[in-house]
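Dear colleague,

I am passing on the structure we spoke of, placed directly below. Please look it over before reading my notes, which follow it.

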Amino acid sequence: MYKLVVLYGILITFICFTATSNASILTVYTDETLWKNALCGNFMTEDFADSQLNSGVSFVSSESGHINPAGEYYQDVLMSGSQNEPMTTWFFDPQIKAFGGYWTLGGPGGSGNSLLVYLADSSLYVGSISNSYGGEFWGFISDTRLTSIKLIGGNGDNQQNYQLDNMVYSQIPEPAIISLLAIAGLVKIRCRCN
Ligand SMILES: [Ca+2]
Ligand SMILES: [Ca+2]
């Protein structure tokens, strides 16, 4: 009987993960407090105060993206009209379920167009960050885990300068760990019953 209960628990855990992995529900937040509250305060911050990124965080910029040591933020230039499809891609290991930051769009020549945000894993469109942003929060939460996020310049002829400061993100446990926790919970329940 006990083995059956454990197997049932593992099966339910597996089904839950399979069900939530098939489709992404994305919720965009422009209110920092709401984003943080939705994660129960469980998030990490990269403040770009030095050239060393948090463990497991990396980026690839197809143009000139880099950490600005004097300003202590990340900056990049995305040419909207370029055939090189310039982009910034952020990578996270372990995977994350939430991402955000404080964005400033603009630079020499104007404020540009906008930034378009995609899940790089699936090319799923998340939303756009307006060229009116001047240090405000923009972020999102996904109900599925993701590895990377892609930023490209919005439609228009202008190049898109942008700065990203205090990048925030949230990780979730690996499925195997959660399965083990579920099993541990079942064992605990059995012990109490005995
Ligand atoms: Ca900073
Ligand atoms: Ca750092």
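Here are the notes on what was found in it, beginning with how it should be read.

This is a predicted model, in which local features need pLDDT of at least 70 and side-chain atom pairs count only at pLDDT 80 or more, while totals for chains, interfaces and linings use all residues. Residues are numbered from 1 along each chain as its sequence is written, and chains are lettered from A and ligands numbered from 1 in the order in which they are written.

On confidence, the protein averages a pLDDT (the predictor's confidence in each residue, from 0 to 100) of 82, and 74% of the residues score at least 70. Among the elements, helix α1 (residues 2-21) has the lowest mean, 44, and strand β2 the highest, 98. Over residues 4-21 the pLDDT is below 50, and this stretch has 15 contacts in the model beyond near neighbours in sequence, a contact being two residues whose C-beta atoms, placed from the backbone, lie within 7 Å. Residues 174-178 also have a pLDDT below 50, with four such contacts.

The protein has three helices and ten strands, taken as DSSP runs (H or I of at least four residues for helices, E of at least two for strands) and numbered from the N terminus. Along the sequence they follow the pattern α-β-α-β-β-β-β-β-β-β-β-β-α. Of the contacts with a separation of 6 or more, 78% are accounted for by residues 24 or more positions apart.

Strand β10 (159-171) pairs with several others, where pairing requires that DSSP finds at least two bridges between two strands. Three bridges join β2 (residues 44-46) to β10 in the antiparallel sense, with Val168 as the bridge partner of Thr45. β5 and β10 are likewise antiparallel, over six bridges, and here Gln75 has Gln163 as its partner. Eight bridges join β6 to β10, again antiparallel, and Ile96 is partnered by Gln171. β10 is also mostly covered, since eleven of its 13 residues are buried, that is, have 20 or more other C-beta atoms within 10 Å of their own, against 12 or fewer for exposed residues and values in between for partly exposed ones, with C-beta atoms placed from the backbone. Of the 194 residues of the protein, 27% count as buried.

The largest nonpolar core (a set of buried Ala, Val, Leu, Ile, Met, Phe, Trp, Tyr and Cys residues joined through C-beta atoms within 7 Å) holds 26 residues, of which Trp103, Leu115, Val117, Ile129 and Tyr169 touch the most other members. Strands β5, β6, β7, β8, β9 and β10 each supply at least two residues of this core, and the largest share, seven residues, comes from β6. Leaving aside residues up to four places away in sequence, Val117 touches Val126, Gly127, Ser128, Ile129, Ile149 and Leu151.

Two buried aromatic residues are worth a look. Trp138, in strand β9 (residues 134-153), is buried because 24 other C-beta atoms lie within 10 Å. Beyond residues up to four places away in sequence, Trp138 touches Thr30, Gly100, Trp103, Ile129 and Tyr133, and Trp138 lies 5.9 Å from Tyr29, C-alpha to C-alpha, although the two are 109 residues apart in sequence. Phe99, in strand β6, is buried with 24 other C-beta atoms within 10 Å. Outside its neighbours within four places, Phe99 is in contact with Gly139, Phe140, Ile149 and Tyr169.

With best wishes
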